[in-house]
Amino acid sequence: MKMNTITWVDLARLKKAAKAAKATLPDLTHMQRLNAIAAAEYGVRHFHELEKRYDAQVASHVDVDGDAHHCRFCSFTFDGTLPADIKAHSERHQLFAEAQATLGFVPMSYKEREQVKRTGYEWMRSPDPGTQRQGALAVLLSHFERSMEHAVDGGRWHKHPYFVEYLAYALPGAGFVPESIRQRLAKEFGDKPGGIPAGATDWPSQAAVKVTRSASDAAASVRLRESVSQAAKTAAEGLVAT
């Protein structure tokens, strides 16, 4: 019997299971099948209890300041008194939960991205090649995170390249990276012009190329993303401490 946190992905899975069980339980309505599956897997009286648990989980991510609500999970600020805003947050939160289940992370918030980017530019000014590399990757990661946030919000994250593949497409137009550093990164990650329009950093909604999104890229991207973001965070915390 499961007692873990309920996510939108869990609710969607149960609904799909209830629909699939129609052939084996034809005498029950969809809701009756849903209640039975929820009871069997989670020990609740009915599916509605899981929905309430999910709503509580969503609410736990929301900071409230008067009418202004901000969700730390999906980085959405909305008016908690307006039904349209509440609905917009619910839909965005669901998209981010679905993406997290596959990606293993949610894109950084604006504040986090800016911190990583500032640290990256500082590192690129270092005379040490290793620090320069880390700095360029930090700036590019901030761009990747913003691009991925837009992709998740648009429901097209599954067509967005993983970080290591994104780097190959972003580097040709990365004029903010000194050429000597850019060339070293291009040898490491590749150099694929044409994927991202000139002057842009977001992966286009109608991309002219099809990304690979291989399992090896996924694993390498998670490791690199965590390494760069954690290093930048640690560096920023060190500056605050001093």
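Two residues are taken to be in contact when heavy atoms lie within 4.5 Å. On that basis, 58% of the contacts in the protein chain with a separation of 6 or more join residues that are 24 or more positions apart. The model under discussion is predicted.

**Overall architecture**

The protein chain contains nine helices and three strands. Along the sequence these elements follow the pattern α-α-α-β-β-β-α-α-α-α-α-α. Taken along the principal axes, the C-alpha atoms of the protein chain fill a box of roughly 70 × 45 × 35 Å. Of the 242 residues in the protein chain, 42% are buried. The exposed area of the protein chain is about 13100 Å², and carbon and sulfur atoms supply 55% of that area. As for charge, the protein chain carries 31 positive and 28 negative side chains, with the centres of the two sets 5 Å apart.

**The sheet**

The three strands form an open sheet in the order S1-S2-S3, with antiparallel pairing. Strand S1 (62-65) and strand S3 (76-79) each have a single partner strand and stand at the edges, so one side of each is left without a neighbour in the sheet. From one strand to the next, the twist averages 20°.

Strand S1 is joined to S2 by four bridges, and the two run antiparallel. Strand S2, residues 68-71, also pairs with S3 in the antiparallel sense, again over four bridges. The residue pairs named for these two ladders are set out below.

| Residue | Bridge partner or opposite residue | Strand of the second residue |
|---|---|---|
| Asp65 | Ala68 | S2 |
| Asp63 | His70 | S2 |
| Cys71 | Phe76 | S3 |
| His69 | Phe78 | S3 |

The two faces of S2 can be told apart by their cover: His69 and Cys71 make up the covered face, whereas Ala68 and His70 make up the uncovered one. Each of these four residues also appears in the pairs above: Ala68 with Asp65, His70 with Asp63, Cys71 with Phe76 and His69 with Phe78.

**The hairpins and positive phi values**

The hairpin of S1 and S2 has two residues between the strands, and Gly66 there takes a positive phi near 70°. The hairpin of S2 and S3 has four residues between its strands. Ser75 lies in the loop between S2 and S3 and has a positive phi of about 55° although it is not a glycine.

A further positive phi occurs outside the sheet. Arg213 is found in the loop between helix H8 (179-189) and helix H9 (215-241), and its phi is near 50°, a positive value in a residue other than glycine. Residues under 20% relative accessible area count as buried. Arg213 has a relative accessible area of 18% and is therefore buried.

**Helix H4 and His93**

Helix H4, residues 83-103, packs on the sheet and touches S1, S2 and S3. The direction of H4 makes about 160° with that of S3.

Within helix H4 lies His93. His93 counts as buried because its relative accessibility is 4%. Leaving aside residues up to four places away in sequence, His93 touches Tyr54, Val58, His61, Cys71, Phe73 and Cys74. One of these contacts, Cys71, belongs to the covered face of S2 and has Phe76 in S3 as its bridge partner. His93 in this way ties a residue of H4 to a residue of the strand S2.

**Helix H7**

Where does helix H7 stand with respect to burial? Eight of the eight residues of helix H7 (residues 163-170) are buried, so this helix is largely enclosed by the rest of the structure. The buried residues of H7 are Phe163, Val164, Glu165, Tyr166, Leu167, Ala168, Tyr169 and Ala170. Among them is Glu165, a residue type that counts as negative.

Definitions and conventions: Residues numbered from 1 in each chain as written. Predicted model: local features only at pLDDT ≥ 70, side-chain atom pairs only at ≥ 80, totals over all residues. Heavy atoms only, no water. Pairing = 2+ DSSP bridges. Axes fitted to C-alpha atoms, helices over the stretch in contact; angles between N-to-C directions. Buried < 20%, exposed > 50% of the residue type's maximum accessible area, 1.4 Å probe, protein only. Areas by Shrake-Rupley, 256 points an atom, 1.4 Å probe, with all protein chains shown as cover. Charge placed at Lys NZ, Arg CZ, Asp CG, Glu CD.
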